[in-house]
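Here are my notes on the model you sent over. I went through the side-chain pairings one by one, so have the structure open while you read.

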Amino acid sequence: MTSASLTTPEAVSVSLTINGAHHALMLDPRTTLLDLLREHLDLTGTKKGCDQGQCGACTVLIDGRRFNSCLTFAVMYDGAQITTIEGLAAKGALHPLQRPRARCIRCSRRSSTMMRSSAATARRGKFARRQG
Ligand code: FES
């Protein structure tokens, strides 16, 4: 469990589970999820590209669905499960979607976005198969 605080009069309490770790935070309500991850929690695998919702470099999974974290205020997802690129790897082993791209430095920025989107799509497919 991590505690972080911002000492402003309008700070809001937020509780998030990020990559399986619980975080209780006091945040400025205007803090985007992207800035929370990168600047408060040092999870820099999620990239800031356009910061306008157009490039997808900031994609994270929120309760298994993909979102652009640059367009999302962290306080909107109190109690949610967030998965970043760091969270796709389990116990130090790369996620199957990460292995082929691990050696490619040129596409590392875009590939992390593709991996999170692919992981979300794969999970939805798995869920759909269970339903049908
Ligand atoms: S940084 Fe480009 S969509 Fe979020």
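1. Let me start with F67, which is partly exposed, with a relative accessible area of 26%. Keep in mind that this is a predicted model. The cut-off for calling a residue buried is under 20%, and exposed takes over 50%, so a value of 26% falls in between.

2. How many aromatic pairs does a search of the whole structure find? It turns up one. The partners are F67 and Y77: their ring centres sit 5.6 Å apart and the planes make an angle of 55°, so the pair counts as tilted. Edge-to-face would need over 60 degrees, so 55° does not get there. F67 belongs to strand β5 (residues 65–68), while Y77 is in the loop between β5 and β6 (81–83), so the contact ties together parts ten residues apart in sequence.

3. On to the charges. Side chains of opposite charge can pair when their charged atoms come close. Searching the whole structure gives four salt bridges. One of them joins E10 and R30, with the closest N and O atoms 3.7 Å apart. This pair links distant parts of the chain, 20 residues apart: E10 is in the loop between β1 (2–4) and β2 (12–18), and R30 is in the loop between β3 (21–27) and α1 (33–40).

4. Is R30 buried or exposed? At 58% relative accessibility, R30 counts as exposed. Its partner E10 is partly exposed, at 38%. The two are also not on their own: D28 joins E10 and R30 in a network of salt bridges.

5. Now look at K48, which forms a salt bridge with D35, the closest N and O atoms being 3.0 Å apart. K48 lies in the loop between α1 and β4 (59–62) and D35 is in helix α1, so this bridge ties together parts that are 13 residues apart in sequence. The two ends differ in accessibility class: K48 is partly exposed at 31%, whereas D35 is buried with a relative accessible area of 19%. The buried class means under 20%, so D35 at 19% makes it in.

6. K48 has another salt-bridge partner, D51, and here the closest N and O atoms are 3.8 Å apart. The limit for a salt bridge is 4 Å, so 3.8 Å still qualifies. D51 is partly exposed, with a relative accessible area of 37%.

7. T32 deserves a look too. This residue is found in the loop between β3 and α1, and T32 is buried, with a relative accessible area of 13%. A polar atom of the T32 side chain lies 3.0 Å from the backbone nitrogen of D35, and D35 is also the salt-bridge partner of K48. Leaving out residues up to four places away in sequence, T32 touches S69, C70, T72, F73 and A74.

8. Last, the cysteines. A disulfide is a covalent bond between the sulfur atoms of two cysteines. How many disulfides does the structure hold? The count is zero. C70, one of the residues that T32 touches, is buried at 9% relative accessibility, while C50 is partly exposed at 27%.

Note on methods. Residues are numbered from 1 along each chain as its sequence is written. This is a predicted model: local features need pLDDT of at least 70, side-chain atom pairs count only at pLDDT 80 or more; totals for chains, interfaces and linings use all residues. Side-chain values use heavy atoms; hydrogens and water are left out. A salt bridge is a side-chain nitrogen of Lys or Arg within 4 Å of a carboxyl oxygen of Asp or Glu. Helices (H or I, at least four residues) and strands (E, at least two) are DSSP runs, numbered from the N terminus. Buried means under 20% relative accessible area, exposed over 50%, partly exposed in between (1.4 Å probe, protein chains only). A polar contact is a pair of N or O atoms within 3.5 Å; within protein, one must be able to donate a hydrogen and the other to accept it, and residues adjacent in sequence count only if both atoms are side-chain atoms. Contact means heavy atoms within 4.5 Å. A disulfide is a pair of cysteine sulfur atoms within 2.5 Å. Rings of Phe, Tyr and Trp (its six-membered ring) pair if their centres lie within 6.5 Å; planes under 30 degrees apart count as stacked, over 60 as edge-to-face and the rest as tilted.
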